[in-house]
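Hi everyone, thanks for making the time today. I'd like to walk you through a structure, mostly from the point of view of its charged side chains. Have a look at it first, and then we'll go through it together.

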Amino acid sequence: MVETTSVNISLRNKQPMTIKLGDFFPKKSVDEPVLELDDPRWSTLEGGYRGTLYDASIALKKLELADNKQTVNQIYQELWNELHHQGDVGLASYYSVPHLVRISLQKQIVDYNILGLISVIEIQRHKNNPPLPSALKPNYNKTIENLADLAKLAMSQYWDLDLAATALTAIALSKGQVKLANAILNMDSEDTIDEFLESYS
């Protein structure tokens, strides 16, 4: 593995320029239909922070073993923070999606966190972010198509605005309606909904 080392070069009448030696070497890419959670290649993937590696398998393993809602919420908080950042997502985000759905179904825990996190990853994937690895596409796309089934598991719960917005967003994404899903996801406050309704009344 090539270590990233910064070198400062001072030029006359110029600001110091930082060159990362790692930028001169190609990054290793992962192109697999799935990454099992014990695969060491998780540690080579970027999450939501450009240029920063994040091993999502550690948190996903903890999520598999979590036995109370407080622990589950703490793990989701980490995943929210690391798998997307200011519109950025990465390969760790994409490879996490099938595992997130699998674990949610196994534990029968469907809430704002699972629906919202996957929805954000899928919406941002269509923006200025890395493409899906070709081998992952079938599994990933099937997972997104099944989001509607995941949302249905929440039908017996009380829907606050967050859960309502993310469940409807997930259903729209499952049908390939990315722009509509993005609009729904942003209807996450009463004020925003009121402003929208006023503009079309």
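Let's begin with Arg 50, which is partly exposed at 39% relative accessibility. Bear in mind as we go that this is a predicted model. So, which side chain does Arg 50 meet in a salt bridge? The partner is Asp 88, with 3.6 Å from N to O. This pair links distant parts of the chain, with the two residues 38 apart. Arg 50 sits in the loop between strand E2 (17–20) and helix H1 (56–65), while Asp 88 belongs to the loop between helix H2 (69–83) and helix H3 (91–107). Asp 88 is partly exposed too, at 22% relative accessibility; the cut-off for buried is under 20%, so Asp 88 falls outside that class.

As a reminder from general chemistry, side chains of opposite charge can pair when their charged atoms come close.

Now, how many salt bridges turn up across the whole structure? The search finds seven. Let me show you a couple of others.

One is between Lys 152 and Asp 149, at 3.9 Å from N to O. Both residues are in helix H6, which covers residues 147–152. They are three residues apart there, so about one helical turn separates them. Lys 152 is exposed, with a relative accessible area of 54%, and Asp 149 is partly exposed at 43%.

Another joins Arg 41 to Asp 39, where the closest N and O atoms are 2.8 Å apart. Is Asp 39 buried or exposed? Asp 39 counts as buried, at 17% relative accessibility, whereas Arg 41 is partly exposed at 32%. There is a third member here as well: Glu 32 is linked with Asp 39 and Arg 41 in a network of salt bridges.

Next, charges that sit with their own kind. Where on the protein do Glu 190, Asp 191, Asp 194, Glu 195 and Glu 198 gather? They form a patch of negative charge on the surface. Take Asp 194 as an example: this residue lies in helix H9, residues 190–199. Asp 194 is partly exposed, with a relative accessible area of 38%. Patch members need over 30%, so Asp 194 clears that cut-off.

For contrast, here is an uncharged side chain. Gln 124 is found in helix H4, which spans residues 112–125. With a relative accessible area of 14%, Gln 124 is buried. Which residues does Gln 124 contact, once neighbours within four places in sequence are set aside? They are Gly 87, Val 89 and Asn 129.

Let me finish by stepping back to the whole chain. The secondary structure comes to nine helices and two strands. Reading from the N terminus, the order is β-β-α-α-α-α-α-α-α-α-α, so you meet the two strands and then the helices. There are 201 residues, and 38% of them are buried. If you take the contacts with a separation of 6 or more, 63% are between residues 24 or more positions apart. The chain exposes about 12100 Å², and carbon and sulfur atoms supply 53% of that area.

That's my tour. Happy to go back to any of these residues on the screen.

Definitions and conventions: Residues are numbered from 1 along each chain as its sequence is written. This is a predicted model: local features need pLDDT of at least 70, side-chain atom pairs count only at pLDDT 80 or more; totals for chains, interfaces and linings use all residues. Side-chain values use heavy atoms; hydrogens and water are left out. Patches are made of residues with over 30% relative accessible area and no salt bridge: like charges are joined within 9 Å, nonpolar side chains (Val, Leu, Ile, Met, Phe, Trp, Tyr) within 5 Å. Accessible areas come from the Shrake-Rupley method with a 1.4 Å probe; for residues, only the protein chains shown count as cover. A salt bridge is a side-chain nitrogen of Lys or Arg within 4 Å of a carboxyl oxygen of Asp or Glu. Lys and Arg count as positive and Asp and Glu as negative; His and the chain ends are not counted. The place of a charge is taken as NZ of Lys, CZ of Arg, CG of Asp or CD of Glu. Helices (H or I, at least four residues) and strands (E, at least two) are DSSP runs, numbered from the N terminus. Buried means under 20% relative accessible area, exposed over 50%, partly exposed in between (1.4 Å probe, protein chains only). Contact means heavy atoms within 4.5 Å.
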